[in-house]
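Subject: Structure handover

Hello,

Here is the structure I promised you. Please open it alongside this email and follow along.

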Amino acid sequence: MQSKQIGLEADNYLCHMQIEHNSTISFDHGWNPVAIHDALSSARRIALVAHTNADGDAVGSVLGMFHLLNKATSAEVTPILPDGVPDELDWLPGTNMIVDGKRQSAVCRCAFAAADLIVCLDLNDPDRTGSLSETLLKSKTQKLLLDHHENANPDNWNICVSEPDISSTCELVYWVMHSAFGNDIFSLQAATCLYTGICTDTGTFSYSNDRPSLYLAAANLLAFGIDPMEINRQIKNVFTLPRLRFFGHAIADLLTLYPEQEIALMVIRSADMKAFGVESAELTGLINEVMKLRAIDCGILVREEEGKVRLSLRSKKHYDVNRLAAELFGGGGHKRAAGATSTLSLDDTVKAVKRKLKVD
C-alpha cells in the first residue's frame, strides 16, 4: 500500500494500526505517523483531555502525553481531566499540573480557546468529557483523537486514531508517539504513567492481553527505569480501613448471584456508602473482586452517584458487555469491560437490567 502524508488541513480521517512482532507500526488507509508528528510539532498550545471519572488509563495517557510533548515539542501543554485526578492515582508524576474541570472550569475554557490543537485521549465521543463536552464540541480548534474504545466517530476529530483491539490508550500512545518521534522523547516519568495505564486497563496483564504488542510495549517501557513492583503496589494496595470494610459489606450483603445465567448483580445506594464513610471513587476495583467468582461470567455493579445512576459491567467469555451497556442505556466500552449512565432511578435501573438479562 502506498503511503501518503496527511496534514490537519485534511479533515476527518480515521485510521487503525497494526503492530508486528519486530515492533514496527503500520497504519491502515495509507497513513504513516508523519501526519501526527506534524500536527503535534506545529502546535504552539496543546490541550489534553480524557473522559470523566478518570481511571488509570485516562490519567496515564493524559500525563504520559504531557511528559512526551514537553520533551518532543516546544508547545505549551495543558493537561485537563473533567473531574480531576482520583486520589488513588495522585502519586503519578505530573498530577499537580492537571487542571480540574469541575474546580477550574474557567481555566479549562481558556485552555480550549487558546489551544491550536486539542488532543482527546481514552474516549470515543466528546460527550464523555462530561461538563466540558459543550465547550469541546463548540470549539473550532483542530482535534486529534487517540483511543481504544469501539465506535469512535471520525467526524468529531480531524485525525482519529482508533484501535479497539489494543489493550489500552496508554499502549496506543506509546506506539504512536514512538513511531512519530522515536525513542528519545521517552523518560522515566512518561514511562511510569503509560505503564500504569496499561496495568490498570489489563488488570495487570490478566485481560485484554492477547496481542504481542502489549508485552513489547511493556518491556520497552521497563527499559526507562520504572519500578513495576512499586507501580503494582500503588495500584492495588491503597485501601483505607473504611474502604476495605465496605468491600466486605458489599460482597456479603449487596451482591445477588444468578448461577443459571452466570450473572452477578451488585446494587449500591448512596446510603450504603455514607454508612461506611466512603465515596464513589473508592468503589474502583469492586466489580473486579466480584469477577473472581469461578461460576460467574458477567458482573454488573449499579450505584448511585451524584444524582445519577452509573453501571460498571465486566465479563469473562460469553457476554458482550459493550453491546449490553449500549442497548440498556447507550453506554459502551469493550466486550469485556464497559460502563453506562442511567437517567432512571436506582430501582428502575435495576429493574431494566433484570428485564434485559431475564433474571428475577
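A residue counts as buried when its relative accessible area is under 20%, and as exposed when that value is over 50%. Anything in between is partly exposed. Keep those cut-offs in mind for what follows.

Start with Cys108. Its relative accessibility is 0%, so Cys108 is buried. Cys298 also comes out at 0%, so Cys298 is buried as well.

One thing to know before going on: this is a predicted model.

**Confidence**

The average pLDDT of the chain is 89. A score of at least 70 is reached by 91% of the residues. The weak spot is residues 1–12, where pLDDT stays under 50. The model still has 26 contacts for that stretch, counted beyond four places in sequence. Where pLDDT is low, the predicted coordinates should not be read in detail.

**Cysteines**

How many disulfides are there? The count is zero, taking a disulfide as two cysteine sulfur atoms within 2.5 Å. Cys108 is in none. For Cys108, the nearest cysteine sulfur belongs to Cys110, and that sulfur is 9.3 Å away.

**The six-stranded sheet**

Now look at the open sheet. Six strands form it, in the order 10-11-12-13-15-14. The pairing is mixed. Which strands sit at the edges? They are strand 10 and strand 14 (332–333), and each pairs on one side only.

Take the strand 10 end. Strand 10 covers residues 255–258 and strand 11 covers residues 263–268. These two run antiparallel, and four bridges join them. Find Leu255: Met266 in strand 11 stands opposite. Strand 10 and strand 11 form a hairpin, with four residues between them. In that turn, Glu262 has a positive phi of about 60°.

Move on to the next pair. Strand 12 spans residues 298–305 and runs parallel to strand 11. Six bridges join strand 11 and strand 12. Leu265 has Ile300 in strand 12 as its bridge partner.

A helix also lies against these strands. Helix 12 (residues 321–329) lies across strand 12, strand 13 (308–315), strand 14 and strand 15 (337–342). Helix 12 runs at about 10° to strand 15.

**Helix packing**

Helix 5 (residues 169–181) is the one to follow here. Its packing with two other helices is described below.

Helix 5 packs with helix 6 (residues 188–202) at an angle of about 140°. Their axes are 7 Å apart. Helix 5 and helix 6 are therefore oblique to each other, since the angle does not pass the cut-off of 145 degrees for roughly antiparallel. On the helix 5 side, the meeting residues are Cys170, Glu171, Val173 and Tyr174. On the helix 6 side, they are Cys193, Leu194, Gly197 and Ile198.

Helix 5 also packs with helix 7 (residues 212–222), at about 70° and with axes 10 Å apart. That makes helix 5 roughly perpendicular to helix 7. Helix 5 makes the contact through Glu171, Tyr174 and Trp175. Helix 7 uses Ser213, Leu214, Leu216, Ala217, Asn220 and Leu221.

Stay with helix 6 for one more residue. Thr196 is in helix 6. Is Thr196 buried or exposed? Thr196 is buried, because its relative accessible area is 0%. Leave aside neighbours within four places in sequence, and Thr196 is in contact with Leu89, Trp91, Leu92, Ile231 and Ile235.

**Positive phi and a loop**

Most residues other than glycine have a negative phi. Two more exceptions are worth finding.

Asn151 has a positive phi, near 65°. Asn151 is in the loop between strand 8 (143–147) and strand 9 (159–162). With a relative accessible area of 66%, Asn151 is exposed.

Lys358 also has a positive phi, near 60°. Look for Lys358 in the segment after helix 13 (346–357). Its relative accessibility is 72%, so Lys358 counts as exposed.

Go back to the loop between strand 8 and strand 9, where Asn153 is found too. At 34% relative accessibility, Asn153 is partly exposed. Asn153 and Asp125 are 28 residues apart in sequence. In space, their C-alpha atoms are 7.2 Å apart.

Best wishes

Key: Residues are numbered from 1 along each chain as its sequence is written. This is a predicted model: local features need pLDDT of at least 70, side-chain atom pairs count only at pLDDT 80 or more; totals for chains, interfaces and linings use all residues. Side-chain values use heavy atoms; hydrogens and water are left out. pLDDT is the predictor's confidence in each residue, from 0 to 100. Contact means heavy atoms within 4.5 Å. Two strands pair if DSSP finds at least two bridges between them. Buried means under 20% relative accessible area, exposed over 50%, partly exposed in between (1.4 Å probe, protein chains only). Axes are lines fitted to C-alpha atoms, for helices over the stretch in contact, and angles run from 0 to 180 degrees between N-to-C directions. Angles under 35 degrees count as roughly parallel, over 145 as roughly antiparallel, 65 to 115 as roughly perpendicular and the rest as oblique.
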